[in-house]
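Good morning, everyone, and thank you for making the time. Before I say anything, please take a moment with the sequence and the structure, which I am putting up now.

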Amino acid sequence: MTEVAEERIRVLIVDDFAETRENLRKLLQFESDIVVVGAAGSGHEAIEVASETKPDIVLMDINMEDMDGITATEAILSEVPFTQVIILSVQSEQDYMRRAMMAGARDFMVKPPSSEELIATIRRLSVFARDKRKEFEKPAAADVAELPPGAAGYDSSHRPAGTVLAFYSPKGGVGCTTIATNIALGLDTEETPTVLVDGNLQFGDVSVFLNLQSKYSINDLTARMDDIDPEILEDVLLLHESGLRVLAAPPRPEMADEVNADQIRTIIQFLRRHFAYVVVDTASTMDDTTLAILDTADLLIAICTPDIPSIKDARHLFDLLHILEFPTENVCFVLNKMDRKGGISSEAVGENLKREVEAVIPMDERVVTASINKGIPLILSDRSSPQSRAIMQLMGTIKQRLSEAQEQEQEEEVKERPRMLGR
Ligand SMILES: Nc1ncnc2c1ncn2[C@@H]1O[C@H](COP(=O)(O)OP(=O)(O)OP(=O)(O)O)[C@@H](O)[C@H]1O
Ligand SMILES: [Mg+2]
């Protein structure tokens, strides 16, 4: 590549209509400082071409058959963090715009853009792309990663989108909060910063389990939905002494109404850009909020206890997930409070529900309740207890499941490529 080409602004065009791609290309062809480095006709192809060509700017269509432009934007930014995405859409609705911005897009234009407007926007954003590209190429970038989210100089752009884990049971009191809290603590390391979200908006007790007191909660984020940034996050997230960040439930049950399903979805999407894991403790009511949480989850950890009412509810849950087309492979089934005296074995539960039980956590009221009452989770206060060990084992299973899913996704992508490129 010549030096001149390198200095030009590198643009990738994404649209499922060949004619639109061609029109956009024509609008840019006489600009000596702009070069179109690629064009893609689908979301998957866009991700692939963006990884290869590392453009400064992506012109992104919103409605594509395989993947919408917002999802493709998120994926491209996790591969090429310095790219500036301009969404081009026939719709100009606020909601699209907000979602696009939350996904990391830098501008939003209604189709067809005028050539002056498009070229001016590309030139304006190319400055950011250049600056970010330089930053990204600096070897010192690794140091930045060590800053906590929200700290001055923290940059989440190096990080691929985090994984959302939702802990859920249709029956209350089975141990969701106990397990979610311990797993979040176990996952939270310097390399994999983790946030624990109390998704039980009415009666959430995550802060009690961690002995945290603060006036800040999720309501402080919903009140500033349009301008959430890492600094606001730093103010609102509680900091546990272990380093784990926590987004607390509203301080009073009646305040739960102030948080709607779209907001919780947007907040989780925002958090996943700043943390490696977003662990959500979910209420047992299957309402819009819970559905929104499950919808964002990469892995649903479904918890059940070995008693008939809980097994019955678990069956209803699996049926419902089937209706909702939630992928079976994204569910990890856990039995808590396992007690031989109850007379129901984990094998019997697995057979009855036709689903493998992937972790069994034994019952011990004394150990578990004592840790909750002290506000010190088991994996910190009683690491050698059978419950802690079972929870650590569950953490291993979760990581394994996630890496298998990732491998499979990559394999599928490789399989799909020839078809997409051959279109
Ligand atoms: N393995 C266990 N052995 C004994 N008791 C347990 C175990 N796990 C949880 N518990 C107890 O069960 C009770 C409920 O636990 P937890 O609050 O975690 O459940 P939950 O599903 O989040 O409930 P809720 O529906 O109220 O949100 C607590 O008193 C806790 O001590
Ligand atoms: Mg709970």
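**Rings, charges and the ligand**

Let me begin with arginine 106, which lies over the face of phenylalanine 128, at 4.5 Å from the ring centre. Please keep in mind throughout that this is a predicted model. A second arginine is placed in a similar way, in that the charged end of arginine 355 sits over the ring of phenylalanine 318, 4.0 Å from its centre.

That brings me to the aromatic pairs, of which the count comes to 1. The partners are phenylalanine 318 and phenylalanine 333, and because their ring centres are 5.3 Å apart and their planes stand at 85°, the pair is edge-to-face. Phenylalanine 318 belongs to helix α14, residues 308-323, whereas phenylalanine 333 belongs to strand β12, so the pair ties together parts that are 15 residues apart in sequence. Both phenylalanine 318 and phenylalanine 333 are buried.

Strand β12, residues 331-338, also leads us to ligand 1, since β12, α8 (176-187) and α16 (365-374) each supply at least two residues of the shell around it. Which element gives the most to that shell? It is α16, with 4 residues. By type, the shell residues divide into 7 nonpolar, 8 polar and 3 charged.

Turning to individual contacts, an oxygen atom of ligand 1 is 2.9 Å from a polar backbone atom of glycine 173, and a polar side-chain atom of threonine 369 lies 3.3 Å from an oxygen atom of the ligand. Of the 630 Å² of accessible area that ligand 1 has on its own, the protein covers 81%.

Definitions and conventions: Residues numbered from 1 in each chain as written. Chains lettered and ligands numbered in written order. Predicted model: local features only at pLDDT ≥ 70, side-chain atom pairs only at ≥ 80, totals over all residues. Heavy atoms only, no water. Polar contact = N/O pair within 3.5 Å; in protein donor to acceptor, adjacent residues only side chain to side chain. Areas by Shrake-Rupley, 256 points an atom, 1.4 Å probe, with all protein chains shown as cover. Nonpolar A, V, L, I, M, F, W, Y, C, P; charged D, E, K, R; others polar. Phe/Tyr/Trp six-rings, centres within 6.5 Å; stacked < 30°, edge-to-face > 60°. Buried < 20%, exposed > 50% of the residue type's maximum accessible area, 1.4 Å probe, protein only. Lys NZ or Arg CZ within 6 Å of the ring centre and 35° of its normal.
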